[in-house]
Amino acid sequence: MASSIRSAAPSDHPRLLELWRASVEATHHFLAPADIDWYEEVVAGYLPQLGDLRVAVLGDGEAEGVVAGFIAQDDGEIHMLFVDPALHGQGIGTLLLEDVGADGGELRVDVNEQNPVARRFYLGRGFVEVGRSELDGEGRPFPLLHLQRVAEAAA
């Protein structure tokens, strides 16, 4: 289990990209391998630009010190939340989400409509659907659901 959250360092970026790809391959079955390759290049360029990028670090056992997941947000808008798929269901994503939501403010996130795992994750943590877009943030034909959690639902 993750025992700590810390700010990501540039030296974490290769591991974050590994986690991103493994998680996408495990949950984004609607994407073709070429799509994943394309998005991986976008994410690799995006990581260094993120102002609030946090990582969950495992705290015990053989994997102590290993980055198990990450979250990026800006003013309550979650840009990315990915966890090592081998560790799904162990509370790491929730820990990261609650860390960025600790100030009690509103949180917003877009999830791919075709990714029921992400949709269930956020709905189970107090988010509600507030809109939908036919195209993703890169203008590609992968519909997004816009989700929001207001401060009262976070308590």
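Threonine 27 lies in helix H1 of this predicted model. At 9% relative accessibility, under the 20% cut-off, threonine 27 counts as buried. From there we can follow H1 to its partner helix H2, then turn to the nonpolar cores and to alanine 8.

**Threonine 27**
- Setting aside neighbours within four places in sequence, threonine 27 touches His88, Asn115 and Val117.

**H1 against H2**
- Helix H1 spans residues 13-27 and helix H2 spans residues 33-46.
- The two helix axes come within 11 Å of each other and cross at roughly 150 degrees.
- Angles over 145 degrees count as roughly antiparallel, and H1 and H2 are therefore roughly antiparallel to each other.
- The crossing of H1 past H2 is right-handed.
- On the H1 side, the contact is made by Leu17, Trp20, Arg21, Val24 and Glu25.
- On the H2 side, Pro33, Ile36, Asp37, Tyr39, Glu40, Val43 and Ala44 meet them.
- By residue type, the contact of H1 with H2 holds eight nonpolar and four charged residues, with no polar ones.

**The nonpolar cores**
- As useful background, nonpolar side chains tend to be buried together in soluble globular proteins.
- Here the largest nonpolar core has 21 residues, and Ile78, Ile92, Tyr122 and Phe127 touch the most other members.
- Strands E2 (52-58), E3 (67-74), E4 (77-83), E5 (107-112) and E7 (144-149) each supply at least two residues of this core, as do helices H3 (92-100) and H4 (116-123).
- Helix H3 gives the most to this core, with four residues.
- Tyrosine 122 is worth a look in the viewer: leaving aside neighbours within four places in sequence, its contacts are Ile78, Leu81, Leu97, Val109, Val111, Phe127 and Leu147.
- Another core, of 20 residues, lies apart from the largest one, and its members include Val24, Ile36, Leu50 and Val55.
- Two of those members, Val24 of H1 and Ile36 of H2, also take part in the contact of the two helices.

**Alanine 8**
- Alanine 8 sits in the loop between strand E1 (2-7) and H1.
- With a relative accessible area of 21%, alanine 8 is partly exposed, because buried means under 20%.
- Beyond its neighbours within four places in sequence, alanine 8 is in contact with Leu16, Leu53, Arg54 and Val55.
- One of these partners, Val55, belongs to the core of 20 residues.
- Alanine 8 and valine 128 are 120 residues apart along the chain, and their C-alpha atoms are separated by 29 Å.

Methods. Residues are numbered from 1 along each chain as its sequence is written. This is a predicted model: local features need pLDDT of at least 70, side-chain atom pairs count only at pLDDT 80 or more; totals for chains, interfaces and linings use all residues. Side-chain values use heavy atoms; hydrogens and water are left out. Axes are lines fitted to C-alpha atoms, for helices over the stretch in contact, and angles run from 0 to 180 degrees between N-to-C directions. Angles under 35 degrees count as roughly parallel, over 145 as roughly antiparallel, 65 to 115 as roughly perpendicular and the rest as oblique. A crossing is left-handed if the near helix is turned anticlockwise from the far one by less than a right angle, and right-handed if clockwise. Contact means heavy atoms within 4.5 Å. Ala, Val, Leu, Ile, Met, Phe, Trp, Tyr, Cys and Pro count as nonpolar, Asp, Glu, Lys and Arg as charged, and the others, Gly among them, as polar. A nonpolar core is a set of buried Ala, Val, Leu, Ile, Met, Phe, Trp, Tyr and Cys residues joined through side-chain atoms within 4.5 Å. Buried means under 20% relative accessible area, exposed over 50%, partly exposed in between (1.4 Å probe, protein chains only).
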